[in-house]
Amino acid sequence: MCPVDLWADNSTQACVGGCPDITIGGVLTDTYADNITHFCVLTCPAPNFGRKDNNKCVSQCPDTPNLFGHPHGRICVDVTNCFAVGGVPYYADDVSRTCVQKCPLTRWADTNLFKCVYTCPSNYFRNNNDQTCVINCPS
């Protein structure tokens, strides 16, 4: 076990002050400092997410820069990357700082911005069946 503020790096077999990017199959890949195990990991364990800007696992993605935890890959992404994965839409939720498939009650999915919003845009209506903003109400 590495001391506090150091993480075990399997690629060098050393305790390091920051987790490195490593090459796997010719692809440069991030590793993240996991404060629970004190290892450099490829994917942060739930409920944490990896921050690419500092290679650390965090419990909540920061609002500066404006990042959201995506459950697919367990990384912090900007709002433009908080959208469909495998055909399933995700929306950026400013409250939980995560990408969600369904916006929480009192917020609706703006399908143009891929964000959970308190008020739908002009000419859109709140669909309480699936928490989305829609042009036409379902029949």
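Colleague: In this predicted model, which residues is R74 in contact with, leaving aside its neighbours within four places in sequence?

Modeller: R74 is in contact with T43, C44, P45, A46, P47, N48, F49 and G50. Contact requires heavy atoms within 4.5 Å. R74 itself is found in the loop between β9 (67-70) and β10 (75-78).

Colleague: What makes R74 and P47 a polar contact?

Modeller: A polar atom of the R74 side chain lies 3.2 Å from the backbone oxygen of P47, and the cut-off is 3.5 Å.

Colleague: Why is R74 called buried?

Modeller: Its relative accessible area is 16%. Buried means under 20%, so R74 is buried.

Colleague: How do you know that C44 and C57 form a disulfide?

Modeller: Their sulfur atoms are 2.1 Å apart, and a disulfide requires a pair within 2.5 Å. C44 lies in the loop between β6 (39-41) and β7 (49-51) and C57 in strand β8 (residues 56-58), so the disulfide ties together parts that are 13 residues apart in sequence.

Colleague: Why is the disulfide of C103 and C116 called left-handed?

Modeller: The torsion about the S-S bond is about -90°, so this disulfide is left-handed. C103 counts as buried because its relative accessibility is 4%, where the limit is under 20%.

Colleague: Why is C137 not bonded to C120?

Modeller: The closest cysteine sulfur to that of C137 is in C120, and it is 9.8 Å away. A disulfide needs sulfur atoms within 2.5 Å, so the sulfur of C120 is too far for a bond.

Methods
Residues are numbered from 1 along each chain as its sequence is written. This is a predicted model: local features need pLDDT of at least 70, side-chain atom pairs count only at pLDDT 80 or more; totals for chains, interfaces and linings use all residues. Side-chain values use heavy atoms; hydrogens and water are left out. Helices (H or I, at least four residues) and strands (E, at least two) are DSSP runs, numbered from the N terminus. Buried means under 20% relative accessible area, exposed over 50%, partly exposed in between (1.4 Å probe, protein chains only). A polar contact is a pair of N or O atoms within 3.5 Å; within protein, one must be able to donate a hydrogen and the other to accept it, and residues adjacent in sequence count only if both atoms are side-chain atoms.
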